[in-house]
Amino acid sequence: MDALDVYVLTFNCARNLADVDAFANHFFDALPASGAGSSAPDLIFLSLQEIAPIAYSFLGGSYLLPYFDAFRRAVQKASAQKWDQHYVNFLSDNTGMTGLMLFARDDTLGKIAWYDTAHVGLGVQEMGNKGAVGARLGYVVEGQPSKTVDLTFVAAHLAPMEGSYEQRNMDWKSIVERLVFTHDINRPAVRSSMDENTSLLHDAASAHAEGSRRDLFAPNAYLFLAGDLNYRTSNVGPSIREIEQFPRRNVDLDNPSHYSHLLKNDQLVREMSCGRTFHSLSEAPIDFPPTYKYSDAAREAVRIGLDTDDYEWKWSNHRWPSWCDRVLFLDKPWAGEAGKVKPLAYNALPLFAQSDHRPVALVASVPLRPSDASSNTENIRAVAPFSIDPSWKSKRDMARRKELLVGAVAYLGLTREGNGLLFASLLGIIGAWFILRSLLEV
């Protein structure tokens, strides 16, 4: 095998549990029907935004298990239906409401030598109502067991609203400055059939810990960034007259209502072309309608199972239809064409009733060229646009303490379980007061 096939999918969950059956039935819709990229991918990367209500997201741990588990079951069902394959979810992590899940095909899991994680909050007080979570892993190449192909995956959710494109640019800057990998290396569980490779994987992990950089733009690592990046197609909201210009179904390419004309106003394309955001990253050509914001009528049509495509063109009147959900990548960590990422498909999945976003997926082929920062240094691309913030860790630790406090308050005030706990505590206090009063009156 001279290339690694990667399936990257981003989805704004709107704080709802995923519909396992619906998601499984369409999970691999972005794959080509035949040819390159149509077979079971080696790795699957899920970027999930608004994965759960704020109380569960900020508290994390067991509170998020049902939400992650829904996607685990969807991936297993989808892969079993399509290829009779099994995938192992070897990493699930989150920064507040933004989640990341990595899956390896059963027969490739043993080639993952190590993985590392990183977190940054981009929301209020640098908390994780908006944020990014990253994972970096080393994939061992056959015949060169002491070296790995390094891949970095980042799930992100940036600032909302049409006019906030400059804040989104600043969010990107914060990701580069404060999404720092700690070299606290973990290894996924390796099956017994792979035990003979254990020492080789350990050697590869040790070499990574000793020699690689901690920042997002490690010069010898591939990079995929996916999420609700929230860039819109206008700097202001739509007027009543402009609603008539929203994209429509089944119109000719030269019709002003064809979505390609709206794409010309995309803020992300504009800001990237001007060098103001997502420096050095690329995107495959967009050939699908906007992925946000769908109306409640559209979601209801999906929920009741209307047999029509028209619902995917019913937009919310107070937001410009936009391509908020994107997958970007560093096409090559080295100069030259030898290590270049090859996008094979880029498309949106159908609308699901749980969200006003459509999921977006990229299918890409990554050359299995092992990283070697010690040789051919003239070919290494040093592309980091900003330096690491020296106070990144203290900022994240402080924000995490705030998240736990906000999460606890939200749990008590906004969830049924928390309300029950609060009510039981109140009854206990009242009961204790009456008992104490009766004792004092004796």
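**Figure 1. Two charged side chains placed over aromatic rings.** In this predicted model, the charged end of lysine 173 sits over the ring of phenylalanine 386, at 5.3 Å from the ring centre. A second arrangement of this kind involves arginine 270, whose charged end sits over the ring of tyrosine 165, 4.7 Å from its centre.

**Figure 2. Aromatic rings that pair edge-to-face.** A pair of aromatic rings is described by how far apart the centres are and by the angle of the planes. By the rule applied here, which asks for ring centres within 6.5 Å, the count comes to 25 aromatic pairs. In one of them, the rings of tyrosine 231 and phenylalanine 278 have centres 6.3 Å apart and planes at 70°, and because planes over 60 degrees apart count as edge-to-face, this pair belongs to that class. The pair links distant parts of the chain, since tyrosine 231 lies in the loop between β8 (221–228) and α6 (259–263), whereas phenylalanine 278 lies in the loop between α7 (267–273) and α8 (296–303), 47 residues apart. Both tyrosine 231 and phenylalanine 278 are buried. Another pair is formed by tryptophan 313 and tryptophan 315, with ring centres 6.1 Å apart and planes at 85°, so this pair is edge-to-face too. Tryptophan 315 is buried, its relative accessible area being 7%.

**Figure 3. An aromatic cluster and one of its members in strand β1.** Tyr7, Phe11, Phe23, Phe27, Phe28, Phe71, Trp83 and Phe352 together form one aromatic cluster. Tyr7 and Phe11 are also found among the buried residues on one side of β1, along with Ala3, Asp5 and Leu9. Phenylalanine 11 stands opposite leucine 48 in β2.

**Figure 4. Strand β1, covered on both faces.** Of the 10 residues of β1, 10 are buried, so the strand is largely enclosed by the rest of the structure. While one face carries the residues from Ala3 to Phe11 named in the previous legend, the other carries Leu4, Val6, Val8, Thr10 and Asn12, which are buried as well. Strand β1 pairs with β2 in the parallel sense over seven bridges, and it pairs with β11 in the antiparallel sense over eight bridges.

**Figure 5. Strand β11 and the two strands that pair with it.** How many of the residues of strand β11 (residues 360–367) are buried? The strand is mostly covered, with eight of its eight residues buried. On one side these are Val360, Leu362, Ala364 and Val366, and on the other Ala361, Val363, Ser365 and Pro367. Toward β1 (residues 3–12), the pairing is antiparallel, and valine 8 stands opposite leucine 362. Toward β10 (residues 342–348), the pairing is again antiparallel and runs over six bridges; here alanine 345 stands opposite valine 363, and asparagine 347 stands opposite alanine 361.

**Figure 6. The six-stranded sheet and helix α3.** Six strands form an open sheet with mixed pairing, and their order is β3-β4-β2-β1-β11-β10. The edge strands are β3 (87–95) and β10, each of which pairs on one side only. From one strand to the next, the twist averages 15°. Helix α3 (residues 65–83) lies across β1, β2 (43–49), β3 and β4 (98–105), and it runs at about 150° to β3.

**Figure 7. Backbone geometry in two loops.** Most residues other than glycine have a negative phi, and most peptide bonds are trans. Arginine 15, although not a glycine, has a positive phi of about 70°. Arginine 15 lies in the loop between β1 and α1 (20–26) and is partly exposed, with a relative accessible area of 40%. Phenylalanine 278, which appeared above in a ring pair with tyrosine 231, likewise has a positive phi, near 45°. Is phenylalanine 278 buried or exposed? With a relative accessible area of 2%, phenylalanine 278 is buried. The loop between α7 and α8, in which phenylalanine 278 lies, also holds lysine 293, and the peptide bond from tyrosine 292 to lysine 293 is cis, with omega near 0°.

**Figure 8. The whole protein, for orientation.** The protein has 10 helices and 11 strands, and of its 442 residues, 54% count as buried. Among contacts between residues at least 6 apart in sequence, 76% join residues at least 24 apart.

Methods:
Residues are numbered from 1 along each chain as its sequence is written. This is a predicted model: local features need pLDDT of at least 70, side-chain atom pairs count only at pLDDT 80 or more; totals for chains, interfaces and linings use all residues. Side-chain values use heavy atoms; hydrogens and water are left out. Rings of Phe, Tyr and Trp (its six-membered ring) pair if their centres lie within 6.5 Å; planes under 30 degrees apart count as stacked, over 60 as edge-to-face and the rest as tilted. Helices (H or I, at least four residues) and strands (E, at least two) are DSSP runs, numbered from the N terminus. Buried means under 20% relative accessible area, exposed over 50%, partly exposed in between (1.4 Å probe, protein chains only). A charge sits over a ring if NZ of Lys or CZ of Arg is within 6 Å of the ring centre and within 35 degrees of the ring normal. Two strands pair if DSSP finds at least two bridges between them. Axes are lines fitted to C-alpha atoms, for helices over the stretch in contact, and angles run from 0 to 180 degrees between N-to-C directions. Contact means heavy atoms within 4.5 Å.
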